[in-house]
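Please open the structure in your viewer and keep the sequence panel beside it, since this tour moves from one selection to the next.

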Amino acid sequence: MKLKKLLLVASVLAGMAAPAMAEDKFTIGYDNYFNGNSWSVQLSKEFEAEAERHQDTVDVVYTESELKADKQVSNIEDMITRGVDAIILTPISPTAVIPVLKKAEAQDIKIVLLASTIRSDDYDALVTVDDVDFGKAGAEWLADKLDGKGRIIALNGISGISASDDRWKGAKAVFDEYPDIEVISVVDAGWDYAKAKVAVSNLLAANPEIDGVWSQGGSMTLGAIDAFEAAQRPLVPMTGEDNNGYLKRWTALEADGFESVAPSKPTWLGSEALLVALDLLQGEEVEKNKLYEVPMITSENLSEFTRDDLSDSFWANTRLSDEQVRATFQD
């Protein structure tokens with residue numbers, strides 16, 4: 001962008017006609033960190049839809065890192081070489097990308113972190129919800145449902161990714177306030193249905209008493225439900241997330257007394273990250289850490305978010321149209 005502006009000034013000084021404004025676009029690098037679950041897929045689709053709405057002012061360089069920190073570093077190196085004006089990424093590691101982000105900053109490239117953070121200040125804006133609050137919200141609900149006592153299990157995402165670590169940090173802080181709540185196991189289930197089902201099945205076999213499940217992902221909670229049912233154990237209060245498949249299952253089980261709550265990390269953060277990057281590039285003042293409030297789905301508003309006409313893979317808090325959702329998730 002800086003080179004384009006210099007060429008524009010040079011052409012005017014030389015008495016030449018200025019290039020059309022359509023040519024003077026911002027080039028933004030977007031690294032898709034992972035396509036291994038429906039939330040990450042929808043997150044990237046939110047960005048793509050926002051980029052389409054700004055196609056007259058934005059060109060995008062897309063890369064994909066496949067949940068590999070070294071590949072993400074390489075992708076960012078490539079973006080720097082290609083002279084992008086801003087980089088939007090979801091850090092896979094809180095430390096691995098720091099040196100390459102420093103290099104980008106030295107070339108006046110704006111850095112927007114999306115949905116996950118790093119252990120340094122080498123970025124211009126962070127766009128996410130407060131994952132500590134996400135963890136706390138579910139834990140407080142579960143502690144209340146259990147009247148402050150009982151044996152529970154915790155299902156985390158992937159250790160080392162800030163979203164997972166911060167959610168458990170928030171939840172643990174709540175559980176530590178209840179001496180009669182015993183966390184009998186904390187498992188990394190990768191936000192994955194199958195891994196969670198296996199883990200919970202093993203825990204059920206080893207523990208005759210499990211009174212609650214704190215889960216930081218809807219697919220993991222679905223796995224936990226199926227494990228309880230396969231073991232012919234009564235369902236206990238469980239926390240979930242705003243995944244449509246989970247919301248449908250929760251709705252179906254309500255008549256049997258199943259209780260849940262669903263904190264949300266909206267996929268519309270992908271859209272918001274692009275808007276924040278554009279503000280930065282246009283010289284507007286931007287809050288460095290934009291931590292949005294965690295939306296909550298409860299039994300009172302569950303029906304407002306559950307969509308029987310859309311795929312189980314759909315996530316409720318979105319800026320995508322129904323048509324865009326259907327194009328993304330074809331059942």
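**A walk through selected helices and loops**

Begin by selecting α2, where the buried residues are Ser38, Trp39, Ser40, Val41, Gln42, Leu43, Ser44, Glu46, Phe47, Ala49, Glu50 and Ala51. Please bear in mind throughout that this is a predicted model. With 12 of the 16 residues of α2 buried, this helix is largely enclosed by the rest of the structure. If you place a distance label between the end C-alpha atoms of α2, which covers residues 38–53, you should find 23 Å, and this agrees with the 22 Å that 16 residues should span at 1.5 Å a residue.

Next, select leucine 67, which sits in the loop between β2 (58–64) and α3 (69–81). Its backbone deserves a careful look, for the phi of leucine 67 is near 60°, a positive value in a residue other than glycine. Leucine 67 is partly exposed, because its relative accessible area of 27% lies between the limits of 20% for buried and 50% for exposed.

Move on to aspartate 147, in the loop that runs between α5 (131–145) and β6 (150–156). Here too phi is positive in a residue other than glycine, with a value near 55° for aspartate 147. Is aspartate 147 buried or exposed? Aspartate 147 has a relative accessible area of 62%, so it is exposed.

Now turn to the surface and select Asp133, Glu140, Glu177 and Glu293 together, since these residues form a negative surface patch. To look at one of them in its setting, centre the view on glutamate 177, which belongs to the loop between α6 (162–175) and β7 (181–188). Glutamate 177 is exposed, as its relative accessible area is 61%.

For the last stop, select α10, which takes in residues 269–281. How far apart are the end C-alpha atoms of α10? They are 18 Å apart, in agreement with the 18 Å that its 13 residues should span at 1.5 Å a residue. Of those 13 residues 11 are buried, so α10 is largely enclosed by the rest of the structure. Colouring the buried residues of α10 will pick out Leu269, Gly270, Ser271, Glu272, Ala273, Leu274, Val276, Ala277, Leu278, Leu280 and Leu281. Finish by stepping past the end of the helix to glycine 283, which follows α10 and has a positive phi, near 80°.

Technical notes. Residues numbered from 1 in each chain as written. Predicted model: local features only at pLDDT ≥ 70, side-chain atom pairs only at ≥ 80, totals over all residues. Heavy atoms only, no water. Patch = residues over 30% accessible without salt bridge, like charges linked within 9 Å, V, L, I, M, F, W, Y side chains within 5 Å. Areas by Shrake-Rupley, 256 points an atom, 1.4 Å probe, with all protein chains shown as cover. Salt bridge = Lys/Arg side-chain N within 4 Å of Asp/Glu carboxyl O. Lys, Arg positive; Asp, Glu negative; His and termini not counted. Charge placed at Lys NZ, Arg CZ, Asp CG, Glu CD. Helix = DSSP H or I, 4+ residues; strand = E, 2+ residues; numbered from the N terminus. Buried < 20%, exposed > 50% of the residue type's maximum accessible area, 1.4 Å probe, protein only. Expected span 1.5 Å × (residues − 1).
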